[in-house]
Amino acid sequence: VQLGGMKMAWVGVVSPETLQVVPAASFGDGTELLDELQLSADAGSLSGRGATGGAIRENSAFWIQDFKNDPMTSHWRALGERAGWGASAVLPLSCSGNVVGVLMLYAAEANAFDETARNLLTEMAADISFALDSFAAETERQAMDEQLRLAAIVFSQSAEAIMVTDAEHRILMV
């Protein structure tokens, strides 16, 4: 926000149950307006027919260069006017190939997202998605380690005989 000259940036998480986009982190001018910003991934909902819903459903970035006049912002135009938004960007964030959230940015002036800015923000969203994939893989690895640890305790504490075989009926452990 500060280095890029943006008014505000925030990350929204898509609720799997309701498809609503819920703010998870934000910074900049107007973050208090996020409580009024109703966004959804549901194409059947009025709040899902804008750039955010499209970015989530299509897994593609949306660049709104003229917030005041773009047809995709009509539902949010009054809020954008109060907040002073001239342009906005929506970049999908994915984990394990599924869009789980969005990176949203707002600029005061129209046409704020030139090619250099778009490339940088696209790379930033890809980096966040990579981090989400890494966190998910680490969480899965830790869960598997815990299962193995518990299995080892069961084996070592058992007074009964236990035999483990594979799918071909080969004995792996007794």
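Here are some short exercises, with worked solutions, on the predicted model shown above.

**Exercise 1. Salt bridges**

Task: Find how many salt bridges the model holds, and work out which residues take part in them.

Solution:
- Start with the rule: a side-chain nitrogen of Lys or Arg must lie within 4 Å of a carboxyl oxygen of Asp or Glu. By this rule the count comes to 3.
- Take glutamate 36 next. Its partner is arginine 82, and the closest N and O atoms of the two are 2.8 Å apart.
- Now place that pair on the chain. Glutamate 36 sits in the loop between strand 2 (21-28) and helix 1 (51-58), while arginine 82 belongs to helix 2 (residues 77-83). With their positions 46 residues apart, the pair links distant parts of the chain.
- Turn to arginine 170. One of its partners is aspartate 166, with the closest N and O atoms 2.8 Å apart.
- Glutamate 168 also pairs with arginine 170, here with 3.1 Å between the closest N and O atoms.
- Put these together: Asp166, Glu168 and Arg170 are linked in a network of salt bridges.

**Exercise 2. Buried or exposed?**

Task: Sort glutamate 36, arginine 82, aspartate 166 and glutamate 168 into buried, partly exposed or exposed.

Solution:
- Recall the cut-offs: buried is under 20% relative accessible area, exposed is over 50%, and partly exposed lies in between.
- Arginine 82 has 54% relative accessibility, so this residue is exposed.
- Glutamate 36, its partner, has 43% and therefore counts as partly exposed.
- Glutamate 168 is exposed because its relative accessible area is 52%.
- Aspartate 166 is buried, since its value is 19%.

**Exercise 3. A nonpolar patch**

Task: Work out which residues form a nonpolar patch on the surface with Met163.

Solution:
- Locate methionine 163 in the loop between helix 3 (115-157) and strand 6 (164-165).
- Check its exposure: the relative accessible area is 54%, so methionine 163 is exposed.
- Add the other members. Ile171 and Val174 join Met163 in the patch, and together the three have about 360 Å² of accessible area.

**Exercise 4. The largest pocket**

Task: Describe the lining of the largest pocket and say which element gives the most to it.

Solution:
- Begin with the volume, which is about 200 Å³.
- List some lining residues: among them are Val1, Met6, Leu103, Leu105, Leu120 and Met124.
- Assign them to elements. Strand 5 (98-107) and helix 3 each supply at least two residues, and helix 3 gives the most, with 4.
- Sort the lining by class: 9 residues are nonpolar, 1 is polar and none is charged.

**Exercise 5. The cavity**

Task: Find how many cavities of 30 Å³ or more the structure holds, and what lines the largest cavity.

Solution:
- The count is 1, and the volume of the largest cavity is about 120 Å³.
- Its lining has 15 residues, of which Thr52, Phe67, Trp76, Ser88 and Met104 lie nearest the centre.
- Helix 1, strand 4 (87-95) and strand 5 each contribute at least two residues to this lining.
- By class, 11 of the lining residues are nonpolar, 4 are polar and none is charged.

**Exercise 6. A distance in space**

Task: Say how far apart alanine 110 and valine 14 are, in sequence and in space.

Solution:
- Place alanine 110 in the loop between strand 5 and helix 3.
- Its relative accessible area is 36%, so alanine 110 is partly exposed.
- Go along the chain to valine 14: the two are 96 residues apart in sequence, and 27 Å apart in space from C-alpha to C-alpha.

Terms used. Residues numbered from 1 in each chain as written. Predicted model: local features only at pLDDT ≥ 70, side-chain atom pairs only at ≥ 80, totals over all residues. Heavy atoms only, no water. Patch = residues over 30% accessible without salt bridge, like charges linked within 9 Å, V, L, I, M, F, W, Y side chains within 5 Å. Areas by Shrake-Rupley, 256 points an atom, 1.4 Å probe, with all protein chains shown as cover. Buried < 20%, exposed > 50% of the residue type's maximum accessible area, 1.4 Å probe, protein only. 1 Å grid on protein atoms, 1.4 Å probe; cavity = no way out; pocket = protein on both sides within 12 Å on 5 of 7 lines; lining within 4 Å. Points joined across faces, edges and corners; volume = space filled by probe spheres on them. Nonpolar A, V, L, I, M, F, W, Y, C, P; charged D, E, K, R; others polar.
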